[in-house]
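Dear colleague,

I am passing on to you the structure we spoke about, with the sequence alongside. Please look through it before reading the notes underneath.

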Amino acid sequence: MESVSAAPKAKQPNFIVIFCDNLGYGDIEPFGSTVNRTPCLNRMAREGRKFTHFCVTAGVCTPSRASIMTGCYSQRVGMHWNPRDGQVLRPISPYGLNPEEITVAEVLKKQGYTTGMIGKWHLGDQQPFLPTKQGFDYFYGIPYSDDMTQAVGKRIGDRLDGNRWPPLPVMLNDKVIKAGVDRNLLTKDYTEKAVEFIEQNKDHPFLLYFPQAMPGSTSKPFASEAFRGKSKSGPWGDSIEELDWSTGQLLDKLVELGIDENTLVIWTSDNGSPMAKDMNSTARGTNKPLNGRGYTTAEGAFRVPTIMWWPGTVPAGTVCNELATTMDLLPTFALLAGGTVPSDRIIDGHDIRPLIEGKSGAKTPYHVFYYYAMEQLQAVRKGPWKLFVPLKEFSRHPHFKKGEGSKPLLFNVETDISSEHSVAAQHPEIVKELMALAEKGRADLGDTNRPGVNQRSAGKIENPVPPTLNTTSTK
């Protein structure tokens with residue numbers, strides 16, 4: 001009788017997840033950009049599969065990253081909001097991803113994988129929360145956003161301990177190796193480190209989580225000299241064209257090493273772009289033709305451009321129009337690696353192997369998908385239907401203005417791609433069904449001033465210290 005562990009190791013695929021920062025749905029050529037040149041992503045789409053309804057779970061960094069790591073809504077794992085930082089972690093926060101959570105890196109390590117992370121973490125800058133304590137063998141990058149610099153901290157002052165923010169730290173594993181960094185060189189530096197990681201681990205299965213710093217959170221993103229000033233849409237476009245180059249470097253290396261047919265590469269973004277004041281401008285990215293800006297619950301914030309590439313397994317030149325999310329990576333990777341999905345806790349993601357492999361008739365595994373703004377449930381999706389629930393109060397909303405919100409809005413996000421025409425009045429039965437699903441979500445994951453019965457807590461420590469060259473540990 002064959003033992004459970006007898007699957008040949010050579011068949012375990014490698015996984016590379018390239019996770020851009022604030023890059024919008026319409027920012028690259030495969031998803032409609034006519035201003036940014038992305039030949040490597042064009043090639044990736046030509047040789048791979050585009051996902052047009054691939055969603056993140058939040059319109060901002062920290063909660064979105066919590067979901068890709070844990071396979072859960074950020075509300076599930078307590079990473080959607082905290083009283084000190086608000087919706088994203090700031091430097092020297094006492095909060096971080098709870099070490100009791102099981103990450104995708106920990107799941108794959110169990111299966112014999114080498115796990116590396118290069119780029120932006122943003123799930124806690126204190127020692128117990130760092131990537132090396134969350135399943136990663138190797139970490140090189142910055143612990144939070146590229147805009148959280150010492151200069152910004154000084155402008156903030158006492159609020160959020162701004163006066164204590166250190167120079168933007170570059171970390172190797174759990175140590176700060178550089179205080180302050182030339183952000184123009186981040187994409188180039190990360191790419192060189194990523195290529196090195198692939199070369200060093202070509203002979204055994206690996207996970208490379210590659211959360212890029214760009215386009216990032218500043219109004220003028222950074223790029224190296226080879227790309228600066230070269231695009232048609234200013235610094236934003238420059239950074240995207242360098243991200244495209246970076247992707248090409250990785251794909252070429254996989255082909256050169258002969259491991260391309262054993263490597264699944266997923267290219268996506270942590271949320272949609274913030275967009276400029278003039279929403280017809282591309283100066284701060286664009287989510288068009290989807291509705292709305294990043295940092296909200298709009299389709300343009302949650303639906304992100306996604307391409308999957310795995311020669312010989314992912315059907316070339318195809319498109320998947322079914323709903324899938326970043327929460328699906330943990331369970332899908334676990335099963336592809338010959339492991340199991342954690343069964344001692346709720347995991348919200350699903351196995352999307354049939355969608356990735358383009359199986360005939362494969363459908364979304366989602367019965368319902370929730371759109372939260374921090375603690376507030378704002379919208380629910382089932383099938384093609386997205387319902388914005390009535391709200392008395394909200395801090396920010398993609399459709400309701402102050403004083404509005406008493407009536408539900410219903411959009412068919414498949415046929416009405418820009419969410420322009422509410423059909424709530426024509427479909428009262430669908431509104432009723434989705435309102436009932438919203439109530440189930442509130443009971444499970446919580447809502448404003450209402451804890452959910454299945455929520456778990458973020459990690460928290462006492463006396464956090466700034467990550468600097470001299471002070472890098474908190475016991």
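The notes below go through confidence, a helix, the cysteines, two pockets and a proline.

Please keep in mind that this is a predicted model. The protein chain averages a pLDDT of 95, and 97% of the residues score at least 70. Residues 1–10 need more caution, since their pLDDT is below 50 and, beyond near neighbours in sequence, this stretch has two contacts in the model. Where pLDDT is low, the predicted coordinates should not be read in detail.

Helix H8, which spans residues 329–336, is mostly covered, with seven of its eight residues buried. The buried residues are Leu329, Leu330, Pro331, Thr332, Phe333, Ala334 and Leu336. Just after H8 comes Gly338, which takes a positive phi of about 85°.

As for the cysteines, the structure holds zero disulfides. Cys20 cannot be paired in this model because its sulfur is 12 Å from the closest cysteine sulfur, that of Cys61, which is too far for a bond, given that a disulfide needs the two sulfur atoms within 2.5 Å. Cys40 is likewise in no disulfide, the nearest cysteine sulfur being that of Cys20, 13 Å away. Cys20 is also buried, with a relative accessible area of 0%.

Two pockets may help you to find your way around. The largest pocket holds about 350 Å³ of space, and it is lined by 19 residues, of which Val88, Arg90, Asp147, Ser217 and Tyr295 lie nearest its centre. Its lining divides into eight nonpolar, seven polar and four charged residues. The second largest pocket holds about 300 Å³ of space, and the residues that line it include Trp81, Met374, Glu375, Lys392, Phe394 and Asn449. By class, the lining of this second largest pocket has five nonpolar, four polar and three charged residues.

Finally, I looked at Pro235, which is found in helix H6, residues 234–257. Is this proline buried, exposed or partly exposed? Pro235 counts as partly exposed because its relative accessibility is 31%, which falls between the 20% limit for buried and the 50% limit for exposed. Leaving aside residues up to four places away in sequence, Pro235 touches Lys220 and Pro221. Pro235 and Arg284 are 49 residues apart in sequence, while their C-alpha atoms are 8.7 Å apart in space.

With best wishes

Conventions
Residues are numbered from 1 along each chain as its sequence is written. This is a predicted model: local features need pLDDT of at least 70, side-chain atom pairs count only at pLDDT 80 or more; totals for chains, interfaces and linings use all residues. Side-chain values use heavy atoms; hydrogens and water are left out. pLDDT is the predictor's confidence in each residue, from 0 to 100. Contact means heavy atoms within 4.5 Å. Buried means under 20% relative accessible area, exposed over 50%, partly exposed in between (1.4 Å probe, protein chains only). Helices (H or I, at least four residues) and strands (E, at least two) are DSSP runs, numbered from the N terminus. On a 1 Å grid over the protein atoms alone, a cavity is a set of points where a 1.4 Å probe fits but cannot get out, and a pocket is an open set with protein on both sides within 12 Å along at least five of seven lines; lining residues have an atom within 4 Å of a point. Grid points are joined across faces, edges and corners, and a volume is the space filled by probe spheres set on the points. Ala, Val, Leu, Ile, Met, Phe, Trp, Tyr, Cys and Pro count as nonpolar, Asp, Glu, Lys and Arg as charged, and the others, Gly among them, as polar.
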